[in-house]
Amino acid sequence: MRDPTIDKRHGSVNEQRARDTGYTLSKLWQYVRRFRLLIAVCALLTLASNALLLAAPKISGRAVNAMEGGVGHVDFTTVFTCAKWMLACYLLSAVLSFVLSRLMIHLSQETVRSIRQDLFEKLVDLPIAYFDTHTTGDIVSRISYDIDTIGASLSTDLLQIVNSIITVVGCFTMMLSISWQMSLLFCVTIPVTIRFAAFRNKRMRPLFRKRSAALGRLNGYSEEMISGMKTVKAYHREQVFIDRFEERNQEAVDSYYEADYYGSVLGPSTNFISNVTLSLLGVLGALLYLWRMLALGDLSSFILYSRKFSGPINETANIFSELQSALAAAERVF
C-alpha cells in the first residue's frame, strides 16, 4: 500500500512543475514534434508567403518613382508592370496562406487528439483517491474546455507568432536598406513596446490561471448538483444550493472580467505607440525628402514597411491574452 505522505509530496512537486512555463512548453513540444514533416512544410509555406508580401511594398515604391516626374513624364509601362507584379504577389501569397491555415488546423487537431487520448488513459490509471478529491465537472473541464483552448491556440496563435517574427525581421531588413536614418527611430520604440508587453504579461499570467481554476470549480459544482438533484429536492435544499451556485458563478465572472480587462489593455497601448511612431516617421521622411536624401517612392515603401513592421507587434500583443489562457489551460492538463 502506498504511503499517502509520499503521494502528497509527489502531488506538490507535480503542481510546482505544472506552474513552470518551461515545463509546460516542453510537454507541448513533445506532442507537436511528432509532426516534424508537416512542421517543415508549414515553415516553407510561411517563408514563401511572407517573402511575397515583403516584396510588394518595394515594387510599389518603384511605381511611385515612375510617377514622380509629374504630368506628361509618367512612365506608364513601369507603373503597369509594377501593378501586375504586386497583384501576382498578393494573389500567390493568399493561396499559400490558405493552404498553410488548413495544414495548421490539421496539425492542431491531431495534437489535441493525442493530448486528449493520453489524458483519458491517465485518468483511467489514477487511484480512486484522486476522484474523491477532484470534482467530475473539473475533470471534464480539463478534457473539453482546456484542451480545446490549447488546440485553438496552436492553430491560430502559433501561426500568428511565426508570421510576426518573419515579418518583423524582413521588414526591418528592408527598411534598413532604404533609410538607416529612419530605421533608428525603431531602436527607441521597439524596446518600449517589448518592456511594456513583458510588464503586462507578468500581471496577466496569474489571472488566466485563476480564471481556468474558477471555471473548473463552477463546472464541478454544477455537475455534482445536477447528478444529486433528487436528493436536493427531497430535503428541500434548493435555495441553499442556488445561493452556493451564485457564489461560484460570481467568482467565475469576476475572474473572467479581471483577466479580460487586463488582457484588453495591452493591444490599444501598443497601437498607440505604433501610431506615435508612424507620425514621427512621416515628419522625418518629409524632411529627408526635402533635403533630397530620400526618393518619394522609397519614402512610400518605407511607410508601408513600417506599417507591416508595427502590425505584427500589435497583433502579437493582442493575442497575449489568448496565449496566457492557453498556457493556463495546458498547466491544468499536464
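The exercises below, each with a worked solution, concern the predicted model shown above.

Residues are numbered from 1 along each chain as its sequence is written, and side-chain values use heavy atoms, with hydrogens and water left out. Because the model is predicted, local features need pLDDT of at least 70 and side-chain atom pairs count only at pLDDT 80 or more, whereas totals for chains, interfaces and linings use all residues.

**Exercise 1. Describe the overall make-up of the protein.**

Step 1. Begin with the elements, where helices (H or I, at least four residues) and strands (E, at least two) are DSSP runs numbered from the N terminus; the protein has 12 helices and zero strands.

Step 2. Turn to burial, where buried means under 20% relative accessible area, exposed over 50%, and partly exposed in between, with a 1.4 Å probe and protein chains only. Of the 334 residues in the protein, 38% are buried.

Step 3. Consider contacts, that is, heavy atoms within 4.5 Å: among those between residues at least 6 apart in sequence, 86% join residues at least 24 apart.

Step 4. Check for disulfides, meaning pairs of cysteine sulfur atoms within 2.5 Å; the structure holds zero of them. Cys82 is buried at a relative accessible area of 7%, and Cys89 is buried at 8%.

**Exercise 2. Work out how helix 2 and helix 4 are connected through Thr111.**

Step 1. Helix 2 covers residues 21–32, and its 12 residues reach 16 Å from the first C-alpha to the last, close to the 16 Å expected, the expected span being 1.5 Å times one less than the number of residues.

Step 2. The buried residues of helix 2 are Tyr23, Thr24, Leu28, Tyr31 and Val32.

Step 3. Thr111 lies in helix 4 (residues 76–125), and it counts as buried because its relative accessibility is 1%.

Step 4. Leaving aside neighbours within four places in sequence, Thr111 is in contact with Tyr31, Val32, Phe35 and Leu154; two of these names, Tyr31 and Val32, also appear among the buried residues of helix 2.

**Exercise 3. Examine two salt bridges that link helix 8 and helix 10.**

Step 1. A salt bridge is a side-chain nitrogen of Lys or Arg within 4 Å of a carboxyl oxygen of Asp or Glu, and the structure holds six.

Step 2. In one of them, Glu258 pairs with Lys210, the closest N and O atoms being 3.8 Å apart. This pair links distant parts of the chain, with Glu258 in helix 10 and Lys210 in helix 8 (residues 186–227), 48 residues apart.

Step 3. In another, the side chains of Glu251 and Arg217 meet at 2.5 Å, N to O. Here too distant parts of the chain are linked, since Glu251 is in helix 10 and Arg217 in helix 8, 34 residues apart.

Step 4. Glu251 is partly exposed, with a relative accessible area of 30%, and Arg217 counts as partly exposed at 40%.

**Exercise 4. Locate the nonpolar surface patch and its main source.**

Step 1. Patches are made of residues with over 30% relative accessible area and no salt bridge, with like charges joined within 9 Å and nonpolar side chains (Val, Leu, Ile, Met, Phe, Trp, Tyr) within 5 Å.

Step 2. Val283, Leu287, Tyr289, Leu290, Trp291, Met293 and Leu296 form such a nonpolar patch, with about 700 Å² of accessible area together, as found by the Shrake-Rupley method with a 1.4 Å probe, where for residues only the protein chains shown count as cover.

Step 3. Helix 10 (residues 238–290) gives the largest share, four residues. Val283 lies in this helix and counts as exposed because its relative accessibility is 52%.
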